Amino acid sequence: MNTSAMAQGGRIRARRAARGSVTEGAARAGLAARGVIYLLVGALALQIAFGDTGEQADRGGALAELSQKPFGAVLLWALGIGLVGMALWRLSEMLFGSVGKDGRSARKRLLATARFAFYVFVAYSVLSFAANRGQSGGGSSDRQSQDATARALEMPAGQWLVGAAGLAIIAAGGWIGVRAVLRKYHDKLRLGQMSPRTRRLVDVTGVAGGAARGLVFAVAGVFAVRAAVDYEPDRAKGLDDTLRSFADTPLGPWLLVCVAAGLVLFGVFSFAMARWRRV
């Protein structure tokens with residue numbers, strides 16, 4: 001074989017290995033950052049259930065809580081950088097495909113595109129919060145949801161758009177919950193590297209955490225549909241108001257406790273994904 005061709009092939013393999021290492025590091029940092037946010041949101045929701053906090057149980061509340069800890073500013077920047085890593089990982093999936101036999105399919109690439117856009121927004125909001133020393137310009141998730149719904153309702157066919165978005169969120173919540181219960185995440189994990197006990201613990205966090213996360217999505221979608229039907233933007237709810245609505249059911253705060261505990265478990269599951277996920 002030609003020496004120059006061998007050298008060029010070696011450089012190509014080295015670039016691929018480097019890109020793979022960078023992507024893997026970005027993915028694991030992003031999954032860990034997601035875990036931190038869900039742990040904090042779940043903990044705040046538990047405090048709300050027991051009437052113990054006035055903080056918002058959403059991303060803004062989680063960031064505010066984190067900023068009050070020792071080295072809070074450093075932690076916020078680390079969290080934002082981790083979420084940038086998550087966005088870059090989803091970008092790589094959009095461009096080059098993801099793991100799995102259908103990783104290069106149009107459906108997977110479209111899903112990666114949506115996730116990339118979402119994590120760009122989340123990373124930007126976290127980094128903005130860190131740069132402004134805790135002054136979040138966007139307001140609570142509830143206010144943001146209501147403002148976005150009001151703007152959408154003013155558009156031509158706005159009610160249909162908001163209603164369709166709500167139905168899509170309900171469907172996404174159902175999809176998240178069902179996949180969690182069916183343990184579809186097994187396809188993405190290096191199960192062979194886990195002991196039987198670790199695998200059981202991961203399943204507890206994955207099933208319960210995924211089901212709780214899916215339920216929260218679905219309920220938020222229901223509120224969006226109600227806002228469209230009634231033409232009332234204030235009926236749309238962000239994460240905080242959605243979680244608080246669980247305490248208004250006949251089961252009282254105990255349903256909120258269960259959902260909040262599930263979100264904490266999903267945070268733990270995200271750490272497990274950061275450790276054992278195939279990237």
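## A walk through an all-helix model

Glutamate 93 and arginine 90 sit three residues apart in helix H3 (residues 72-96), which is about one turn of the helix. Their side chains meet in a salt bridge, with 2.8 Å from N to O. Keep in mind as you look around that this is a predicted model.

Is this pair buried or exposed? Glutamate 93 has a relative accessibility of 7%, so it counts as buried. Arginine 90 is buried too, because its relative accessible area is 6%, under the 20% cut-off.

Let's stay with H3 for a moment. With 25 residues at 1.5 Å a residue, H3 should span 36 Å, and its end C-alpha atoms are indeed 36 Å apart, so the two values agree. Just after H3 you meet glycine 97, which takes a positive phi of about 95 degrees.

Arginine 90 also gives us a way across to another helix. The C-alpha atoms of arginine 90 and leucine 111 are separated by 9.0 Å, with their positions 21 residues apart along the chain. Leucine 111 belongs to helix H4. Its relative accessibility is 27%, so leucine 111 counts as partly exposed.

Now step back and take in the whole chain. It comes to nine helices and zero strands, so to speak a run of α-α-α-α-α-α-α-α-α from the N terminus on. The chain has 279 residues, and buried residues make up 39% of them. Take the contacts in the chain with a separation of 6 or more: 74% of these are between residues 24 or more positions apart.

How do two of these helices pack? Two packed helices are described by the angle between their axes and the distance between the axes. For helix H2 (residues 59-67) and helix H4 (residues 106-131), the axes come within 11 Å and cross at roughly 35 degrees. The crossing of H2 and H4 is right-handed. On the H2 side, the contact is made by Arg59, Gly60, Leu63, Ala64 and Ser67, while H4 brings in Phe121, Val122, Ser125, Val126 and Phe129. Sorted by class, that contact has six nonpolar, three polar and one charged residues.

Back to salt bridges. How many does a search of the whole structure find? The count is seven, and the H3 pair you started with is joined by a salt bridge of 2.8 Å. Another links the side chains of arginine 28 and glutamate 24, at 3.0 Å from N to O. Both of these residues lie in helix H1 (residues 3-49), four residues apart, again about one turn of the helix. Here the two partners fall into separate classes: arginine 28 is buried, because its relative accessible area is 16%, whereas glutamate 24, with 30%, is partly exposed.

A further salt bridge joins the side chains of arginine 235 and aspartate 230, at 2.8 Å from N to O. Arginine 235 has a relative accessible area of 27%, so it is partly exposed, and aspartate 230 is partly exposed as well, with 35%. This one doesn't stand alone: salt bridges that share partners join Asp230, Glu232 and Arg235 into one network.

Arginine 235 leads on to glutamine 146. These two residues are 89 positions apart along the chain, yet their C-alpha atoms are separated by 7.5 Å. Where is glutamine 146? You'll find it in helix H5. Its relative accessibility is 9%, so glutamine 146 counts as buried. Which residues does glutamine 146 touch, leaving aside its neighbours within four places in sequence? Its contacts are Pro233, Asp234, Ala236 and Asp241.

Last stop, the loops on either side of helix H6. The loop between helix H5 (141-153) and helix H6 (158-181) holds alanine 157. Alanine 157 has a positive phi of about 60 degrees, although it is not a glycine. Past H6, in the loop that runs to helix H7 (196-230), is arginine 183. Arginine 183 also has a positive phi of about 60 degrees without being a glycine. Its relative accessible area is 39%, so arginine 183 is partly exposed.

Note on methods. Residues are numbered from 1 along each chain as its sequence is written. This is a predicted model: local features need pLDDT of at least 70, side-chain atom pairs count only at pLDDT 80 or more; totals for chains, interfaces and linings use all residues. Side-chain values use heavy atoms; hydrogens and water are left out. Axes are lines fitted to C-alpha atoms, for helices over the stretch in contact, and angles run from 0 to 180 degrees between N-to-C directions. Helices (H or I, at least four residues) and strands (E, at least two) are DSSP runs, numbered from the N terminus. A crossing is left-handed if the near helix is turned anticlockwise from the far one by less than a right angle, and right-handed if clockwise. Contact means heavy atoms within 4.5 Å. Ala, Val, Leu, Ile, Met, Phe, Trp, Tyr, Cys and Pro count as nonpolar, Asp, Glu, Lys and Arg as charged, and the others, Gly among them, as polar. A salt bridge is a side-chain nitrogen of Lys or Arg within 4 Å of a carboxyl oxygen of Asp or Glu. Buried means under 20% relative accessible area, exposed over 50%, partly exposed in between (1.4 Å probe, protein chains only). The expected span of a helix is 1.5 Å times one less than its number of residues.
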